Amino acid sequence: NNRKPLKNFEVDNGHIIQQGICYYKNNIYIPYGVALGGYQGIDVVNVRKMSLVRNFNLMNTSVKEPEAVFFYNKELFIADQGTTIKTLKDE
């Protein structure tokens with residue numbers, strides 16, 4: 001097998017309890033959280049910088065524990081445990 005090993009890196013300040021991730025325009029979007037713990041959001045990791053570059057805090061929103069994220073027509077959507085799909089508007 002002539003494959004090279006995967007490159008890996010650790011991200012400082014990332015959150016635990018991560019769910020389904022999404023890659024979009026050199027960033028990895030990592031939803032995290034626990035519905036009962038009141039702890040949820042989306043970390044954004046830039047692959048080129050190999051670091052956390054942004055966080056979307058989903059506390060006090062209608063999201064009920066983000067399970068996965070995806071992009072459609074350049075908009076970020078969240079599939080949550082409340083069986084709904086919500087769009088994240090970047091203000």
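Start by selecting Asp80 and Lys64: the side chain of Asp80 reaches the backbone nitrogen of Lys64 at 2.9 Å. What you have open is a predicted model. Keep Asp80 selected and add Lys86. The side chains of these two residues make a polar contact at 2.7 Å.

Now show the surroundings of Asp80. Leaving aside residues up to four places away in sequence, Asp80 touches Ser62, Val63, Lys64, Glu65, Pro66, Glu67 and Lys86. Is Asp80 buried or exposed? Its relative accessible area is 7%, and the cut-off for buried is under 20%, so Asp80 counts as buried.

**The sheet around Asp80**

Asp80 lies in strand β6, so select that strand next, residues 75–80. Then add its neighbours to see an open sheet of three strands, in the order β5-β6-β7 and with antiparallel pairing. The edge strands are β5 (66–72) and β7 (85–88), each of which pairs on one side only. From one strand to the next the twist averages 30°.

Look at the β5 side. Six bridges pair β5 with β6 in the antiparallel sense. Turn to the other side, where β6 and β7 run antiparallel and are joined by four bridges. On this side, select Ile78; its bridge partner in β7 is Lys86, the residue whose side chain makes a polar contact with that of Asp80.

Follow the chain from β6 into β7. How many residues lie between the two strands of this hairpin? There are four, and Thr83 in the turn has a positive phi of about 60°.

Next, show the side chains of β7. In a regular strand the side chains alternate between the two faces of the sheet. Along β7, Lys86 and Leu88 point to one face and are buried. Ile85 and Thr87 point to the other face and are not buried.

**The aromatic rings**

Return to β5 and select Phe70, which stands opposite Phe77 in β6. The ring centres of Phe70 and Phe77 are 5.4 Å apart and the planes are at 10°; planes under 30 degrees apart count as stacked, so this pair is stacked. The two residues can also be compared by their cover. Phe70 is partly exposed, with a relative accessible area of 32%, whereas Phe77 counts as buried at 17%.

The structure holds four aromatic pairs. For another of them, select Tyr24 and Phe71: this pair is stacked, at 3.7 Å centre to centre with 10° between the planes. Why does this pair tie together parts that are 47 residues apart in sequence? Tyr24 lies in strand β1 (residues 22–24), while Phe71 lies in strand β5. Add Tyr29 to the selection, and you have one aromatic cluster formed by Tyr24, Tyr29 and Phe71.

**The whole chain**

Finally, clear the selection and show the full chain as a cartoon. The chain has seven strands and zero helices. Along its principal axes the C-alpha trace spans about 45 × 30 × 30 Å.

Colour the residues by burial: of the 91 residues, 32% count as buried. With the surface switched on, the accessible area comes to about 6,600 Å², and 51% of it belongs to carbon and sulfur atoms. Among contacts with a separation of 6 or more, residues 24 or more positions apart account for 32%.

Methods:
Residues numbered from 1 in each chain as written. Predicted model: local features only at pLDDT ≥ 70, side-chain atom pairs only at ≥ 80, totals over all residues. Heavy atoms only, no water. Pairing = 2+ DSSP bridges. Axes fitted to C-alpha atoms, helices over the stretch in contact; angles between N-to-C directions. Buried < 20%, exposed > 50% of the residue type's maximum accessible area, 1.4 Å probe, protein only. Polar contact = N/O pair within 3.5 Å; in protein donor to acceptor, adjacent residues only side chain to side chain. Contact = heavy atoms within 4.5 Å. Phe/Tyr/Trp six-rings, centres within 6.5 Å; stacked < 30°, edge-to-face > 60°. Areas by Shrake-Rupley, 256 points an atom, 1.4 Å probe, with all protein chains shown as cover.
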